[in-house]
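User: I'm new to reading structures, and I'd like to look closely at just one part of this one. Could you pick a part, take me through it step by step, and then show me how it fits into the rest?

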Amino acid sequence: KQLDSVAQKLYRAEADLAYYKSSHQMVDITQETNATLQELTQLDLQKVDLEMKISELDQLQRHLVSGNNLSDFSPNFASLQDPIFRETYFKLQNFDIQREDLLQKYAPQNPAVTNLESKSRDLKTFLNESVVSTLSNLRLKTQEVERNMSELNGKIRQFPDKDRRLAMLQRDVQLNEATYNFLMAKRTE
């Protein structure tokens, strides 16, 4: 009778363990923790990259709005990684250099100078609008990354509880299994 009772307890403990693992989609808690931490690290690196791009674009926008000569400022294009920004910026720098050359020969009211200034203003407006749009997109991406990081941090905080509950269930299975094996050995004797 005791052997049948322990066999039922063992069966129930194994079923509880299997149900807990399947309901919490657990395979290996250590592997799951490592994968989550690795994903969190990737998101953190992604956030740092986005923040660097935002910082660089903020500096570029401040310089564009200030109206200063673009030859005085050189953004870090490696962090921006956008060929359109690079081409437009270099074109604007070239316009500034050409304007200074023309001002050495002609008065500021000369049609060649005013035409070049008009082109430069149009490009600055385009670049500024592009920077504002890109900044907005990067900030949205940063918020999304932060939201994902928050979810993963919440998941990580649950791991100790999951691990503790899993250990309790495994201990029940091991205890019932040991008792069952002991009783089977006694029965065989």
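Analyst:
**A close look at one helix**

Gln93 counts as buried, with a relative accessibility of 16%. The cut-offs are simple: under 20% relative accessible area is buried, over 50% is exposed, and anything in between is partly exposed (1.4 Å probe, protein chains only). Before we go on, please keep in mind that this is a predicted model: local features need pLDDT of at least 70, side-chain atom pairs count only at pLDDT 80 or more, and totals for chains, interfaces and linings use all residues. Residues are numbered from 1 along each chain as its sequence is written, and side-chain values use heavy atoms, with hydrogens and water left out.

Where does Gln93 sit? Its place is helix H4. Helices here are DSSP runs of H or I with at least four residues, strands are runs of E with at least two, and both are numbered from the N terminus. Thr88 is found in helix H4 as well, and at 8% relative accessibility Thr88 is also buried. What does Thr88 touch? Once neighbours within four places in sequence are set aside, Thr88 is in contact (heavy atoms within 4.5 Å) with Leu123, Phe126 and Leu127.

Helix H4 has a charged side chain to visit too. Arg99 and Glu117 meet through their side chains in a salt bridge, at 2.7 Å from N to O. Arg99 belongs to helix H4 (residues 83-105) and Glu117 to helix H5, so this pair ties together parts that are 18 residues apart in sequence. Arg99 itself is partly exposed, at a relative accessible area of 31%. The rule for a salt bridge is a side-chain nitrogen of Lys or Arg within 4 Å of a carboxyl oxygen of Asp or Glu. In general, side chains with opposite charges can pair when their charged atoms come close.

Now let's step outward. By that rule, the count is six salt bridges. Two others share a residue: Lys47 meets Glu51 at 3.9 Å, N to O, and these two are four residues apart in helix H2 (residues 29-66), which means about one helical turn separates them. Lys47 also meets Glu146 at 3.4 Å, N to O. Because Glu146 lies in helix H5 (residues 111-188) and Lys47 in helix H2, the second pair ties together parts that are 99 residues apart in sequence. Lys47, Glu51 and Glu146 are thus linked in a salt-bridge network. Both acidic partners are partly exposed, Glu51 at 38% relative accessible area and Glu146 at 34%.

How does all this fit into the chain? Its secondary structure comes to five helices and zero strands, giving the pattern α-α-α-α-α along the sequence. The radius of gyration is 33 Å, well over the 16 Å that the globule rule gives for 189 residues, so the chain is more spread out than a compact globule. That radius is taken over C-alpha atoms, and the rule is 2.2 Å times the number of residues to the power 0.38. Along its principal axes, the C-alpha trace spans about 115 × 20 × 20 Å. To return to our starting residue, Gln93 is 64 Å from Tyr20 in space, C-alpha to C-alpha, with their positions 73 residues apart in sequence. Of the 189 residues, 30% count as buried. Finally, among contacts between residues at least 6 apart in sequence, 75% join residues at least 24 apart.
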